[in-house]
Amino acid sequence: MSYEMTDPRTKYPPLPDPPDPHTDQPGLLSETDPRPDHGENSYRGSGRLPDRHALITGGDSGIGRAVAIAFAREGADVAISYLPEEQADAEETARWVRDAGANAVLLPGDITDEQQCDDLVADAAESLGGLDLLVLNAGYQRARDEVDTIPEEEFDRVMRTNLYAPFLITRAAVPHLPPGSSILVTTSIQAYNPSPGLLDYALTKAALVAFVQMLAEQQGPHGIRVNGIAPGPIWTPLIPATGWPKKLPKFGEDTPLGRAGQPAELAGAYVFLASEDASYVSGGILAVTGGKHL
């Protein structure tokens, strides 16, 4: 990130009206206009994660890519979990990781499948030579109408992506994590200030807050720290793919800072919580919301 002082209201320009917002999942960078900033050309590492081994779900784009780039520039090797349809985005992320001198491992697969979650962790640990950073970031959301219109298969997909997968991946990962490891969970402002139009998504994010707090108590005696990051309105490929074109022109303008955030603006929060600087921080939720309250 730039170390020169900036006005946070104008650090990034307002989002223009998307010319033709896409509505299909997964969201892809090739379909996202304007292109999000993941810190590709701005994040500067300072050796805060030397010789660490990180598995990041949803690491192909958005917040996951920003974290992968930052972790790599801080000295960590990175395994990236993503859907096979996101191959092009994942390969681009891997190039940025390798450009930083770190090892990048690409692990495609659908984490709504229990066996894939187990295989993902085993492959990451083997490929990286260990595992000590786990970033549970992958998520799925769709705009919803009334509760009686939400199809059961869609509700199930949200639950399996946002809630089952973090549990299953954590269950598989804990035996690999030595003392000093960190588990980082991407929750959301939706956990605290839920939108009716994201009913099922908000449910999962609220549950993840409880997951962070309880897991931190459980794993603290083993020397493993667990924390969450609660983003506010962040411009990622997931947003135009959510299916709410009428909301996109003003996305993020209701924050005190008056704009949407960029993935690059979250990277430092994940680095801090993963690093030794946060050695006494566990069970916390760090808000990156543009001034909105949790």
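User: What does buried mean here, and how many residues of strand β2 (residues 77-82) are buried?
Analyst: Buried means under 20% relative accessible area. The model is a predicted one. By that cut-off strand β2 is mostly covered. Its buried count is 5 of 6 residues.

User: Which residue in β2 does histidine 53 stand opposite?
Analyst: Strand β1 (residues 53-57) and β2 pair in the parallel sense, over 5 bridges. β1, α1 and β2 also make a right-handed β-α-β unit. Opposite histidine 53 in β2 stands aspartate 77.

User: Which residue in β3 is the bridge partner of isoleucine 80?
Analyst: β2 runs parallel to strand β3 (residues 104-108), and 5 bridges join them. Helix α2 (residues 87-99) makes a right-handed β-α-β unit with β2 and β3. In β3, the partner of isoleucine 80 is leucine 106.

User: Why is β6 largely enclosed by the rest of the structure?
Analyst: Look at both sides of the strand. Arg225, Asn227, Ile229 and Pro231 point one way, while Val226, Gly228 and Ala230 point the other way. Residues on both sides are buried. β6 is largely enclosed because its buried residues number 7 of 7.

User: Which helix does the chain pass through from β5 to β6, and what is the hand of the crossover?
Analyst: β5 and β6 run parallel and are joined by 5 bridges. One bridge pairs threonine 186 with isoleucine 229 in β6. Between the two strands the chain takes a β-α-β crossover through helix α5 (residues 199-219), and its hand is right-handed.

User: Which residue in β7 is the bridge partner of alanine 230?
Analyst: β6 and β7 pair over 4 bridges, in the parallel sense. Alanine 230 belongs to β6. Its bridge partner in β7 is alanine 287.

User: Which elements do the buried residues of α6 pack against?
Analyst: Helix α6 (residues 264-274) is mostly covered, with 8 of its 11 residues buried. Among them are Leu266, Tyr270, Val271 and Leu273. The buried residues pack against α1 (62-73), β4 (133-136), β5 (182-186), β6 (225-231) and β7 (285-288).

User: How many charged residues line the second largest pocket?
Analyst: This pocket has a volume of about 170 Å³. Its lining holds 13 residues, and Leu257, Gly261, Glu265, Thr289 and Gly290 lie nearest its centre. By class, 5 are nonpolar and 6 polar, and the charged count is 2.

Terms used: Residues are numbered from 1 along each chain as its sequence is written. This is a predicted model: local features need pLDDT of at least 70, side-chain atom pairs count only at pLDDT 80 or more; totals for chains, interfaces and linings use all residues. Side-chain values use heavy atoms; hydrogens and water are left out. On a 1 Å grid over the protein atoms alone, a cavity is a set of points where a 1.4 Å probe fits but cannot get out, and a pocket is an open set with protein on both sides within 12 Å along at least five of seven lines; lining residues have an atom within 4 Å of a point. Grid points are joined across faces, edges and corners, and a volume is the space filled by probe spheres set on the points. Ala, Val, Leu, Ile, Met, Phe, Trp, Tyr, Cys and Pro count as nonpolar, Asp, Glu, Lys and Arg as charged, and the others, Gly among them, as polar. Buried means under 20% relative accessible area, exposed over 50%, partly exposed in between (1.4 Å probe, protein chains only). Contact means heavy atoms within 4.5 Å. Two strands pair if DSSP finds at least two bridges between them. A crossover is right-handed if, with the strands pointing away from the viewer, the path from the first strand over the helix to the second runs clockwise.
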